[in-house]
Amino acid sequence: MLIAFACVPLLAAPLTDAQKALCAKGSRFERAGWIYLHVEGGPRARGFQHGYLLAREIQGGLVSIRRGWERQTATTWESLVAKARVFFVPGIDAENLEELAGMAEGLEAAGVVTSRDELAVYNGSTELSGYWWPQELARIRDDKPAPRVKESCSAFIAIGSYTAGGELVMGHNNMSGFQDPQANVVLDIVPDKGHRILMQGVPGWIHSGTDFFVTDAGLVGTETTIGDFQPYEAGGVPEFARMRRATQYADGIDAWCAVMKTGNNGGYANAWLLGDINRREIARLELGLRHVGFERKKDGFFTGSNIAEDPKILRFETTTRETDINTSKVARRLRWRQLMAEYRGRIDVERGKAFEADHWDVARREEHPGGRTLCGHFELETESPGDTPFDPSGTTDGKVLDAAMARRMAFTARFGTACGRPFDAPKFLAEHPQFEWLTGIMPSRPTQPWVEFRAGETR
């Protein structure tokens, strides 16, 4: 395979023979806004390949996360890394730590200075900023913690009488701040132990984070965040480490869920939509802190729009008002139900693409791209159903697969927005100067086509 040495900073020193051996099985190429990254071997080798081949992108992600953290918290990034060494890093298993250490080596070889612990914090930044920090802020203010995780992501999985061929179909789009590290990596992982994984990811993350994956065990999965979630216990196993371990080692849905529940600390609480193409079943795992919801089906569907379906998680661990149609999560939940009913028996990959790009606002009862639509556009909202008018956030991609694609470890994806609407960052910032702090860290996203990726590609 071709090693893309040209992708690294120009100040990088030539690799030693030992470093070349570590990097020999790694490769990258780019297609339609995505970076396809292949890593292979033991954890140190996988990490080195990842760090070296994506050095520039990881460096940009670290700058973005650092600036966002320091603006949000009025504390330094270095202080977070120092604190996380005590309560966060010790919960990560040895294999994941070795992969992160290898990544730090690869980055250093490419001229980017970082550390294993900083990369661990970077991988767990969603958990730390959205779950741990609200508790810290409440302690500082002598107040109650308030949820800080935004409503984000629209997902579905269907099987049986709901799909055109009776086998599963799954789709997901990611919603995030446009300044966040771009989830534009298709990561093909061939570990020396466990299962091969093809998943969406972020440069420098050893998990997915968005999430969308397929493995050679016949497992597929995605998630949406449980909105308005409050409880968190520092310690335990960070969510990103559990997700990666479950996806690499699980042979079925039950084994995957068991790993996710072990050491659960409430961080990055998600509703996971899972499928097993060999057993022809789908499931939903809602992982709160004190309460867990689980359901499986061989005929039916599950959708995700950031509302907990399990009544105990909904009532005891969130503050969601599940009937407020003016909120994004409730409007999108209703839209999913409409689409599942309308297209029952006809859901396939092409309709999945259309679902993820859908702009029907159920509150307005009209086509109106905005914060309440499955393809979210908070940046267009004068009176936002989120936190901030014109907030530069929303849908940044779309991904869909069916059972036939999963068997060959493939999925189709569109980067930018699921609907194809472009985002011009300089124009947006000129029109909305209240967000000037994002200058230099928020990229534009041009219209991109839907493209297919599969495990084992080389260009």
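How many strands form the open sheet, and in what order? The close-ups below take up that question and then turn to a pair of helices; the model shown is predicted.

**View 1. The open sheet, strand by strand.** Nine strands make up this open sheet, and they follow the order β1-β2-β6-β7-β8-β9-β10-β11-β12 with mixed pairing. At the edges you will find β1 (27–31) and β12 (292–297), each of which pairs on one side only. Averaged over the sheet, and with direction ignored, neighbouring strands are turned by 15 degrees against each other.

**View 2. Strands β8 and β9 side by side.** Here β8 (residues 212–215) and β9 (residues 219–225) run antiparallel, joined by three bridges. If you would like a residue to look for, try Phe213, whose bridge partner in β9 is Gly221.

**View 3. Helix α8 on the sheet.** Helix α8 (residues 239–249) packs on the sheet. The strands it touches are β6 (185–191), β7 (197–201), β8, β10 (270–276) and β11 (281–287). Relative to the direction of β7, that of α8 makes an angle of about 155 degrees.

**View 4. Helices α2 and α3 crossing.** The axes of α2 (residues 43–53) and α3 (residues 55–73) come within 5 Å and cross at roughly 80 degrees. The two helices are therefore roughly perpendicular to each other.

**View 5. The residues where α2 meets α3.** From α2, His50, Gly51, Tyr52 and Leu53 take part, meeting Ala55, Glu57 and Ile58 of α3. Sorted by class, this contact has four nonpolar residues, two polar ones and one charged.

Methods: Residues numbered from 1 in each chain as written. Predicted model: local features only at pLDDT ≥ 70, side-chain atom pairs only at ≥ 80, totals over all residues. Heavy atoms only, no water. Axes fitted to C-alpha atoms, helices over the stretch in contact; angles between N-to-C directions. Helix = DSSP H or I, 4+ residues; strand = E, 2+ residues; numbered from the N terminus. Parallel < 35°, antiparallel > 145°, perpendicular 65-115°, else oblique. Contact = heavy atoms within 4.5 Å. Nonpolar A, V, L, I, M, F, W, Y, C, P; charged D, E, K, R; others polar. Pairing = 2+ DSSP bridges.
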